Amino acid sequence: MSSSLLTSTSHLHPKPFLKWAGGKTQLLPSISRYLPNGLQDGSITKYVEPFLGGGAVFFYITTNYPHVQEYYLYDINPELIIAYQTIKMSVDSLIGELLKLEDRYRVLSLQEKINLFYQIRSDFNQGKKSVNYHDFSEKWVQRTAQMIFLNRTCYNGLFRVNSQGYFNVPIGRYKNPTICNQQNLLAVSQVLQKTTIILAGDFELIKDVADNPSTFVYFDPPYRPISQTANFTAYSESVFDDEQQMRLFRLFRYLDEQGAKLMLSNSDPKNQDENDDFFDNIYANYYIQRIPAIRSINSNSLRRGKINEILIMNYHESVV
């Protein structure tokens, strides 16, 4: 980013640039009350997030806690990681691509908009075969523009892929969606300059950077489904089952022993079965808090509504 752009966005508070199932924007008022005191007094200087997703908590931390100097952001979803990397390294080119898409989309008839959506979805899926997800190239700019376009125009803003990793959400019903939020993209790019962004196939990779008392780790893994038919794990083609939840618990316990401050969030299985004590049992030695949430992304509108989420922490400090 140029110095002029940095200056023009210095007063803006970045927010998630994608709508993401399980995103924490609506829960920030509750989550912020349980953040460790070390963020405020300066004893925590490093932030680690192994399941980045939409990044709402990360953006909140960068806005409110200037003592944090190091950020390590991980996710298993390669499309998501190259989107963050593209915004970090080539935001001006990305904005140019998005503005062209936005101008093109807005003047089309309804049928033409439908045709364009499915053409871009097809191009996005076919392009997966030729993308190098490890080395930056101009292809990343076009692919990130396609991803943001699809996210802004697809049904319910849901990012979902099938078992082959192909995006499969149909078009939504939006008259004039904002495809390019230029000021927010610039603000996001600014805060990403101080981050390390990593495509990680295994969350245990954070052991290398998260094993000391000056670190705060926020875990927001794929949700344990709250019903037999719920499928909130389709952010990537990988499966996150109870065995993975147990592996995550063992990592949580290890990092606790190293002195790091830890917070983990997940859907509360008691929403569906009041006798389901899965998290209460494995995290029995930690502090568990249930907070109200609204489930806003579901293919069935009747299944959206108020639920509880759980926060699990290895510290118990006064709540603001």
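This report walks through a predicted model of one protein, from its overall make-up to its aromatic pairs.

## Overall make-up

The protein holds 10 helices and seven strands. It has 320 residues, and 53% of them are buried. The accessible surface comes to about 14700 Å². Carbon and sulfur atoms account for 47% of that surface.

Contacts here often link distant parts of the sequence. Take the contacts with a separation of 6 or more: 77% of them join residues 24 or more positions apart.

## Helix 5 and its bend

Helix 5 covers residues 78–106. A straight helix of 29 residues would span 42 Å, at 1.5 Å a residue. Between its end C-alpha atoms, helix 5 spans only 29 Å. Where does helix 5 bend? The bend is at serine 90, and the angle is about 110 degrees.

The start of helix 5 has a polar contact. Here a side-chain oxygen of asparagine 77 comes to within 2.9 Å of the backbone nitrogen of glutamate 79.

## Aromatic pairs

How many aromatic pairs does a search of the whole structure find? The count is 22. One aromatic pair joins tyrosine 105 and phenylalanine 149. Their ring centres are 5.4 Å apart, and the planes stand at 80 degrees. Planes over 60 degrees apart count as edge-to-face, and this pair is edge-to-face.

Tyrosine 105 lies in helix 5, while phenylalanine 149 lies in helix 7, residues 138–153. The pair therefore ties together parts that are 44 residues apart in sequence. Are these two residues buried or exposed? Tyrosine 105 has a relative accessible area of 3%, so it is buried. Phenylalanine 149 is buried too, because its relative accessibility is 0%.

The rings of phenylalanine 117 and tyrosine 118 also form a pair. Their centres are 5.0 Å apart and their planes meet at 90 degrees, so this pair is edge-to-face. Phenylalanine 117 is buried, at 0% relative accessibility. Tyrosine 118 is partly exposed, with a relative accessible area of 31%.

## An aromatic cluster

Which residues form one aromatic cluster? On the phenylalanine side, they are Phe219, Phe249, Phe252, Phe278 and Phe279. Tyr283 and Tyr286 belong to the cluster as well.

Terms used:
Residues are numbered from 1 along each chain as its sequence is written. This is a predicted model: local features need pLDDT of at least 70, side-chain atom pairs count only at pLDDT 80 or more; totals for chains, interfaces and linings use all residues. Side-chain values use heavy atoms; hydrogens and water are left out. Helices (H or I, at least four residues) and strands (E, at least two) are DSSP runs, numbered from the N terminus. Buried means under 20% relative accessible area, exposed over 50%, partly exposed in between (1.4 Å probe, protein chains only). Contact means heavy atoms within 4.5 Å. Accessible areas come from the Shrake-Rupley method with a 1.4 Å probe; for residues, only the protein chains shown count as cover. The expected span of a helix is 1.5 Å times one less than its number of residues. The bend at a residue is the angle between axes fitted to the seven residues ending there and the seven starting there. A polar contact is a pair of N or O atoms within 3.5 Å; within protein, one must be able to donate a hydrogen and the other to accept it, and residues adjacent in sequence count only if both atoms are side-chain atoms. Rings of Phe, Tyr and Trp (its six-membered ring) pair if their centres lie within 6.5 Å; planes under 30 degrees apart count as stacked, over 60 as edge-to-face and the rest as tilted.
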